[in-house]
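User: I am new to this structure and would like to learn how to read its features step by step. Could you take me through them, starting with a helix?

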Amino acid sequence: MALFGNAHSIDPGTAQQDFARLLGQGEQVHAAYLLIRDTILFTDRRLILVDKQGITGKKVEYHSIPYRSITHFAVETAGTFDLDAELKIWLSGSATPVQKTFTKGVDIYEVQAILTQFVAR
């Protein structure tokens, strides 16, 4: 499952309100990123991928990934000619990683720190 495009961060409080129907009781959004039409939410319990589909984007698929199912992840920083950073997440039972592309404006080290905080529990 790969979503392509460039991401930028959005306010976690705004994401908390916008996606309140997806969240469990007491679940908190710690970081959120907008990826063209899709959204990535890092909560205190799981990673949520919001995948808008079709031309209108009215059809939406929600992927809920418990942090415990993440076997490992990698970040690739932006370079001189390649201005985008990448995040790859491998899930148990899947050989192909989930890939996300972030613009140079996003601190990929911050994204890695968020994952480390929750995956290493």
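Analyst: Let us begin with what lies over a helix. The buried residues of helix 2 are covered by parts that include strand 2, strand 3, strand 6 (70–76), strand 7 and strand 8. Please keep in mind throughout that this is a predicted model.

User: Which residues of helix 2 are buried, and why do they line one face of the helix?

Analyst: The general idea comes from the geometry of the turn: with 3.6 residues a turn in an α-helix, residues three or four places apart point the same way. In this structure, the buried residues of helix 2 are Ile-108, Val-111, Ile-114, Leu-115 and Phe-118. Looking down the axis of helix 2, one finds these buried residues within an arc of 120 degrees, so they line one face of the helix. Helix 2 has 12 residues, and the distance from its first C-alpha to its last is 16 Å, close to the 16 Å expected at 1.5 Å a residue.

User: What is Phe-118 in contact with, beyond its neighbours within four places in sequence?

Analyst: Phe-118, which lies in helix 2, is buried, with a relative accessible area of 3%, where the cut-off for buried is under 20%. Leaving aside neighbours within four places in sequence, Phe-118 is in contact with His-30, Thr-43, Asp-44 and Tyr-67. Of these contacts, consider Asp-44: Phe-118 and Asp-44 are 74 residues apart in sequence, yet their C-alpha atoms are 7.1 Å apart in space.

User: How should I read the largest nonpolar core, and which of its residues touch the most other members?

Analyst: A nonpolar core is read by asking who its members are and which elements supply them. Here the largest nonpolar core has 21 residues, and those that touch the most other members are Tyr-33, Phe-42, Leu-47, Ile-89, Phe-102 and Val-111. At least two residues of this core come from each of strand 2 (29–35), strand 3 (38–43), strand 4 (46–53), strand 7 (85–91), strand 8 (98–102) and helix 2 (108–119). Helix 2 gives the most to this core, namely five residues. Apart from this core lies another, of eight residues, among them Leu-23, Leu-41, Ile-48 and Val-50.

User: Is strand 4 enclosed by the rest of the structure or exposed, and how does strand 4 pair with strand 5?

Analyst: To judge a strand, look at how many of its residues are buried and then at its partners. Six of the eight residues of strand 4 are buried, so strand 4 is largely enclosed by the rest of the structure. Strand 3 and strand 4 run antiparallel and are joined by four bridges, with Ile-40 opposite Leu-49 in strand 4, and a hairpin of two residues connects strand 3 to strand 4. Strand 4 also pairs with strand 5 (residues 59–66), in the antiparallel sense and over eight bridges, and the bridge partner of Val-50 in strand 5 is Tyr-62. The hairpin of strand 4 and strand 5 has five residues between the strands, and in this hairpin Gly-54 takes a positive phi near 75 degrees.

User: How many salt bridges does the structure hold, and which side chains meet there?

Analyst: For a salt bridge, find the two side chains and then ask which parts they connect. The structure holds one salt bridge, in which the side chains of Arg-46 and Glu-27 meet at 2.8 Å, N to O. Arg-46 lies in strand 4 and Glu-27 in the loop between helix 1 (12–18) and strand 2, so the pair ties together parts that are 19 residues apart in sequence. Both Arg-46 and Glu-27 are buried.

Terms used. Residues numbered from 1 in each chain as written. Predicted model: local features only at pLDDT ≥ 70, side-chain atom pairs only at ≥ 80, totals over all residues. Heavy atoms only, no water. Core = buried A, V, L, I, M, F, W, Y, C linked by side-chain atoms within 4.5 Å. Buried < 20%, exposed > 50% of the residue type's maximum accessible area, 1.4 Å probe, protein only. Salt bridge = Lys/Arg side-chain N within 4 Å of Asp/Glu carboxyl O. Pairing = 2+ DSSP bridges. Expected span 1.5 Å × (residues − 1). Arc of directions from axis to C-beta. Contact = heavy atoms within 4.5 Å.
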